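Trainee: Before we discuss terms, may I see the sequence and the model together?
Mentor: Certainly; they are shown here.
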Amino acid sequence: MLETYRSTVELIEKQQPELPVNCLSLGVLEDHVTRFVQGFPGTVAYAVKANPAVPLLQGLSDLGISHFDVASVTEIALLRSIQEGATLLYDNPIKSRMEIEQAYTEFAVRSFAIDDPIELKKIHSVIGSDSDLEVSIRFNIGASTAVYDLGKKFGTNDAGASELLSMAKGYGYRTALTFHPGSQCTSAQAYNEYIRRAASIEKASSVNIEMLNIGGGFPTVYPNSGAPGLQSFFDEIEQQFSNSFSKRDVELVCEPGRALVDPAVSILTRVKHRRSEPVLFLNDGIYGGFMEQLLSRVELPTRVFRGNQLLTGNQVPFKVFGPTCDSLDVFSYDVPLPESTNEGDWIEFGEMGGYGSSTATVFNGYGTGKYVYVEEGFSRNVSGVTT
Ligand SMILES: Cc1ncc(COP(=O)(O)O)c(C=O)c1O
């Protein structure tokens, strides 16, 4: 059982944490997941890669999430240990023969994504015929407007997707189409265009699909993201989907990572050193929970504590370094913080549920991955919660 605190202040008072701590609020998770599931016009699968921390997965499972996008056999085994009967979508398009065999035989996975004929033949040679097996064909329509373009690595074109549908049908498999518009996608237009293309791929192949999986990509409302609220995405997707497909024949699925879990986790860091100018060295950084702050200009909500007091006052931009000796270990943007922020203060970063602790390393001997429950939560997106 994890340690539980009512608030970040209580955590600081009781533990004076010297090492970074991931603070999970089950209340924020419940609010947010409930709104997501009620708003999305189809099935919500969670993309485990965003954050496979057991307390978070358990929280999602307790809230009734029963579908999961998994990227590896390790994630599959973890999910089976948490929710034995979960529906697992093995949506990493490239898998070794051993991974396919293990997923199918040992863990009863029945849905596999592919994006080329070689992978499909591989699946067929390992598994053989099975009319329960679903093959989900990943396609890609090119230029992405998202912060992270995932189309450079995966996805066939329209003609390739049509051919793969026919080939999968020929093997006697159930068929589906899938795409990912890129992570932190701030325009619903991208989903609309993909859904239209999915309908034309299906038509061109004359193979009826049973599922359309529109991937993840939904945006978190970071302070600088300018992203519209999720409901406007859901409304547009519902409209486009019903224009393009019959809801009776095709199941609509999404597999969000960051947008489902970001608000539920914050990372509490501590300032190790301040130079005379506004330059800070924290006990966590790019090689810890903040990899995305190297890769993009995604800015995080922050609040600073001096002991049990919230530090206020004039904010100035700080250069923020992590604890390692590597000069890459620096935030990509100057972080606005109270001018007097100094050694020994704690800085809490919100919206850290996705791609925070999941991408952390132990480079230079840092990083803990420690999780605690903090009931209060710290998210600017959930009403009634401290911002
Ligand atoms: C196949 C697949 N599905 C879902 C996701 C989750 O994406 P996001 O966190 O942007 O929602 C990813 C992220 O890489 C992915 O590769």
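Mentor: This is a predicted model. The protein is divided into domain 1, made of residues 4-22 + 262-374, and domain 2, made of residues 26-261. The C-alpha centres of the two domains lie 32 Å apart.

Trainee: How many residues of domain 1 are in contact with domain 2?
Mentor: Contact here requires C-beta atoms, placed from the backbone, within 7 Å. By that criterion, 17 residues of domain 1 are in contact with 20 residues of domain 2. The side of domain 1 that touches domain 2 comprises nine nonpolar, five polar and three charged residues.

Trainee: What makes the eight strands a barrel?
Mentor: The strands follow the order β3-β4-β5-β6-β7-β8-β9-β10 and close, with parallel pairing. From one strand to the next, the twist averages 25°. The closure can be followed at β3, which pairs with β4 in the parallel sense over three bridges and with β10, also in the parallel sense, over two bridges.

Trainee: Why do β3 and β10 count as paired over two bridges?
Mentor: At least two bridges are needed for two strands to pair; β3 and β10 have two, so the requirement is met. In one of these bridges, T43 has V253 of β10 as its partner.

Trainee: How do you know that β4 and β5 are paired?
Mentor: Four bridges join β4 (residues 67-70) to β5 (residues 87-90), against a requirement of at least two, and therefore the two strands pair. Their direction is parallel. H67 stands opposite T87 in β5, and V70 stands opposite Y90 in β5. On the β3 side, A45 stands opposite H67 in β4.

Trainee: What holds such strands together in general?
Mentor: Strands of a sheet pair through backbone hydrogen bonds, either parallel or antiparallel.

Trainee: Where does helix α4 pack?
Mentor: Helix α4 (residues 73-82) packs on the sheet and touches β4 and β5. The direction of α4 makes about 160° with that of β4. On the scale used, angles run from 0 to 180 degrees between N-to-C directions.

Trainee: Why is the unit of β4, α4 and β5 called right-handed?
Mentor: With the strands pointing away from the viewer, a right-handed path from the first strand over the helix to the second runs clockwise. The unit of β4, α4 and β5 is right-handed, which means that its path runs clockwise in that view. The crossover from β3 through helix α3 (residues 54-62) to β4 is right-handed as well, and β9, helix α9 (residues 230-244) and β10 also make a right-handed β-α-β unit. β9 and β10 pair in the parallel sense over three bridges, and L212 has L252 of β10 as its bridge partner.

Trainee: Which residues around the ligand come nearest?
Mentor: Of the 18 residues around the ligand, A47, S183, G216, G257 and R258 come nearest. By class, the shell has six nonpolar, seven polar and five charged residues.

How values were computed. Residues numbered from 1 in each chain as written. Predicted model: local features only at pLDDT ≥ 70, side-chain atom pairs only at ≥ 80, totals over all residues. Domains from an automatic or database assignment. Contact = placed C-beta atoms within 7 Å. Nonpolar A, V, L, I, M, F, W, Y, C, P; charged D, E, K, R; others polar. Near = placed C-beta within 6 Å.
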